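Reader: I've got the model open at my desk and would like to go through its strands, pockets and cavities. Please take my questions one at a time.

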Amino acid sequence: ELGFCLELLEAHPDQAPEWAMLLEEAATLITEGLQAGQDNTRALVEQAERLLAPLAAVAKQYAIFCVGHAHIDMNWMWTWPETVSVTYDTFTTMDRLMEEFPEFHFSQSQVSVYKAMQEYAPELFARIQQRIAEGRWEVTASAWVEGDKNLACGEILCRHLLYSRRWVQQNLGLPYDTVKIDWPCDTFGHAWTNPTILRRGGVRRYYHHRAIGGQRWKDMVAGKLPRLFWWEGPDGSRVLAYDDSPYGYNGILGPNMIHGLLSFARHTGVRQMLWVYGVGDHGGGPTREHLRAAREMQTWPLWPEIKLT
């Protein structure tokens, strides 16, 4: 909390002198209390939080939207039966977590994993349909798989969009224009023509992680470059792209989440940032540890709003 307040000083220079004095007083209170052997750390923290109450309202003007996700690498270095098993285990766990944590939401891409559950685990597929109807399970599948977009030809990419939308409409009851995001989180190639194809397929937003490096990656980690940008194709078609390469799609829920928040707000003017979390590559998804951490951070007054969404 003190670290986030220090960042707020830089983001709100008009109030920095007054806040800096309060921060110094709060830090001294905690340091001296611990040095004196006070073992009730919670009481010290609460006392410091009361001192810093003037910053609390500003802190809550910021928010992190935590999107639960499970990256499933299909049958990459394993067989198709193992892919089905991984998908089944992951989705069963997500359904159980929704029972235990009513505030939990989950997002999943790739039509192929939904089709696998429909074929091999129809009872679980029915539960997924129910969760979608509840608004707690979001379908982010604009493509059959999160496939390569550099080597694939244009026709293949078009068929991904067409077949995926038709399957989602027929089997999940979602209108063709429901899924407006493409989610190739682990795709290594992004051809320049993609925005043109995606726009004509009803996609307006693009989430990715790979295909960045060198100085640009260092500048993005340092907060010098925006992670949200318009990606424009050769004909002028644009999709709103979010580059998650500084942190990745296998995030955890913890204090580290705030590091890019204020630089994101500075670049975009938007005080709400996306944070994708969950064990991935070979499935897994969000865990109880993640969700308990979210509940804990939601009680911190000098912290951005933490929203599971």
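Reader: How many bridges join S1 to strand S9?
Author: Strand S9 covers residues 305-308 and runs parallel to S1. Strands (E, at least two residues) and helices (H or I, at least four) are DSSP runs, numbered from the N terminus, and two strands pair if DSSP finds at least two bridges between them. Ala63 stands opposite Glu305 in S9. The bridges that join S1 to S9 number 4.

Reader: Before we carry on, from which number are the residues counted along each chain?
Author: This is a predicted model, in which local features need pLDDT of at least 70, side-chain atom pairs count only at pLDDT 80 or more, and totals for chains, interfaces and linings use all residues. Side-chain values use heavy atoms, leaving out hydrogens and water, and residues are numbered along each chain, as its sequence is written, from 1.

Reader: Back to S1, then. Which residue in S8 stands opposite Cys66?
Author: S1 and S8 are paired in the parallel sense, with 6 bridges. Opposite Cys66, in S8, you'll find Trp275.

Reader: And which residue of strand S2 stands opposite His69?
Author: S2 takes in residues 106-108, and it pairs with S1 in the parallel sense over 2 bridges. Opposite His69 in S2 stands Ser107.

Reader: How many of the 7 residues of S1 are buried?
Author: Buried means under 20% relative accessible area (exposed is over 50%, partly exposed in between; 1.4 Å probe, protein chains only). S1 is largely enclosed by the rest of the structure, because its buried residues, out of 7, number 6.

Reader: In what order do the strands of the open sheet run?
Author: There are 4 strands in this sheet, and the pairing is mixed. Its edges are S4 (181-182) and S6 (228-232), each pairing on one side only. S4 pairs in the parallel sense with S5 (residues 205-208) over 2 bridges, and there Ile181 stands opposite Arg205. The order is S4-S5-S7-S6.

Reader: How many nonpolar residues are in the lining of the largest pocket?
Author: A pocket is an open set of points on a 1 Å grid over the protein atoms alone, with protein on both sides within 12 Å along at least five of seven lines; a cavity is a set where a 1.4 Å probe fits but cannot get out, and lining residues have an atom within 4 Å of a point. This pocket holds about 500 Å³, a volume being the space filled by probe spheres set on points joined across faces, edges and corners. Of its 19 lining residues, the closest to the centre are Ile181, Arg205, Leu228, Tyr242 and Leu274. With Ala, Val, Leu, Ile, Met, Phe, Trp, Tyr, Cys and Pro counted as nonpolar, Asp, Glu, Lys and Arg as charged and the others, Gly among them, as polar, the lining has 4 polar, 2 charged and, for nonpolar, 13.

Reader: Which element gives the most to the lining of the second largest pocket?
Author: That pocket has about 300 Å³ of space. Of the 19 residues lining it, Glu7, Leu262, Ser263, Phe264 and Arg266 are the closest to its centre. Helices H1 (2-11), H10 (214-221) and H11 (261-268) each give two or more residues. The most, 6 residues, comes from H11.

Reader: What volume does the largest cavity have?
Author: There are 2 cavities of 30 Å³ or more. The lining of the largest cavity has 5 nonpolar, 5 polar and 3 charged residues. Its volume is about 60 Å³.
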